[in-house]
Amino acid sequence: MGSLDVDGPPTGYFYRHTDNEPYALVKSCSPLYVETVNGQRILDATGGAAVSAVDHANTRVKKAIIRQLDEVEYCHPSFFKTTAALQLADHLVESTDGALTRACFATSGKSRKLRPHFSELQANDISGSEAVEMAMKLARQYFLEVDPNTRRHRFIAR
């Protein structure tokens, strides 16, 4: 098939690595370890902060994911709000002790646009360039809400 995996039967999965060592096939995970199909138990130090900071096999996280999947798997944030996004925004705002009054989640993708009201939420992931773009849009939106006739439309950047 299309796999470059030399350790086991061929599959359609293409692995993105440049070394000659095949990836271990993981059978299961416990809070800090992964166990391979050949029985090797490995301390998992590969997860990033956004991926597995809650550890593997976290029952509370699994239950929350299942609850959310039972309610709404996904709705495009440019068209719909979800209770989960609204609750997350409220939680983030409340956690700042008044420093923030609203939260706006940015999306990845070129077709997204900032809604005309701060209270309209968008959700999901964001890259560095998208974060800069969103900051510029929020600054523009702020000045439009303060004064709809504002002439402030230029940005100075380095």
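# A friendly tour of a predicted model

Q: Where does F155 lie?
A: This is a predicted model, and F155 is a good residue to begin with. At a relative accessible area of 42%, F155 falls between 20% and 50%, so F155 is partly exposed. Its place is in the segment after helix 4.

Q: Which residues form a nonpolar patch on the surface with F155?
A: The patch has about 270 Å² of accessible area for its members together. F155 itself is partly exposed. The residues that join F155 in this nonpolar patch are V132 and M136.

Q: In what order do the elements of the protein run from the N terminus on?
A: Let's step back to see the whole protein. Its secondary structure comes to 4 helices and 3 strands. Starting at the N terminus, the strands come before the helices, in the order β-β-β-α-α-α-α.

Q: What percentage of the residues of the protein count as buried?
A: To count as buried, a residue needs a relative accessible area under 20%. The protein has 158 residues, and the share of them that counts as buried is 16%.

Q: How many residues lie between strand 1 and strand 2 in their hairpin?
A: Strand 1 covers residues 26-29, and 3 bridges join this strand to strand 2 in an antiparallel arrangement. Within the pair, C29 stands opposite V34 of strand 2. The two strands form a hairpin, and the number of residues between them is 3.

Q: Which residue in the turn between strand 2 and strand 3 has a positive phi?
A: Strand 2 also pairs with strand 3 (residues 41-43), again antiparallel and over 3 bridges. Here E35 stands opposite R41 in strand 3. The hairpin they form has 4 residues between the strands, and the turn residue with a positive phi, of about 90 degrees, is G39.

Q: Which residues of strand 2 make up its covered face?
A: Strand 2 (residues 33-36) has two faces. Y33 and E35 belong to the uncovered one. That leaves the covered face, made up of V34 and T36.

Q: How far apart are the closest N and O atoms of E35 and K27?
A: E35 is partly exposed, with a relative accessible area of 26%, while K27 is exposed at 53%. The two form a salt bridge, for which the nitrogen and oxygen must lie within 4 Å. Their closest N and O atoms are apart by 3.4 Å.

Q: Which helix holds both K137 and E133?
A: The side chains of K137 and E133 meet in a salt bridge, at 3.1 Å from N to O. K137 is partly exposed at 25% relative accessible area, and E133 is partly exposed at 39%. An α-helix has 3.6 residues a turn, so residues three or four places apart point the same way. K137 and E133 are 4 residues apart, about one turn, and both lie in helix 4.

Q: How many salt bridges does the count come to?
A: One salt bridge is between E35 and K27. Another is between K137 and E133. The count comes to 2.

Q: Which residue caps the N-terminal end of helix 2?
A: Helix 2 (residues 59-71) has 13 residues and reaches 18 Å from its first C-alpha to its last, close to the 18 Å expected at 1.5 Å a residue. At its N-terminal end, a side-chain oxygen of the capping residue lies 3.1 Å from the backbone nitrogen of R60. The residue that provides this cap is N58.

Q: Where is the place of A57?
A: Most residues other than glycine have a negative phi. A57 is not a glycine, yet its phi is positive, about 60 degrees. At 36% relative accessibility A57 counts as partly exposed, and its place is in the loop between helix 1 (49-52) and helix 2.

Q: Does D97 count as buried or exposed?
A: D97 lies in the loop between helix 3 and helix 4. Its phi is near 50 degrees, a positive value in a residue other than glycine. Its relative accessibility is 74%, which is over 50%, so D97 counts as exposed.

Q: What separates the C-alpha atoms of A103 and A85, in Å?
A: A103 lies in the loop between helix 3 (83-94) and helix 4. At 14% relative accessible area, A103 is under the 20% cut-off and so is buried. A103 and A85 are 18 residues apart along the chain, and the separation of their C-alpha atoms is 9.7 Å.

Methods:
Residues are numbered from 1 along each chain as its sequence is written. This is a predicted model: local features need pLDDT of at least 70, side-chain atom pairs count only at pLDDT 80 or more; totals for chains, interfaces and linings use all residues. Side-chain values use heavy atoms; hydrogens and water are left out. Buried means under 20% relative accessible area, exposed over 50%, partly exposed in between (1.4 Å probe, protein chains only). Two strands pair if DSSP finds at least two bridges between them. The expected span of a helix is 1.5 Å times one less than its number of residues. A polar contact is a pair of N or O atoms within 3.5 Å; within protein, one must be able to donate a hydrogen and the other to accept it, and residues adjacent in sequence count only if both atoms are side-chain atoms. Patches are made of residues with over 30% relative accessible area and no salt bridge: like charges are joined within 9 Å, nonpolar side chains (Val, Leu, Ile, Met, Phe, Trp, Tyr) within 5 Å. Accessible areas come from the Shrake-Rupley method with a 1.4 Å probe; for residues, only the protein chains shown count as cover.
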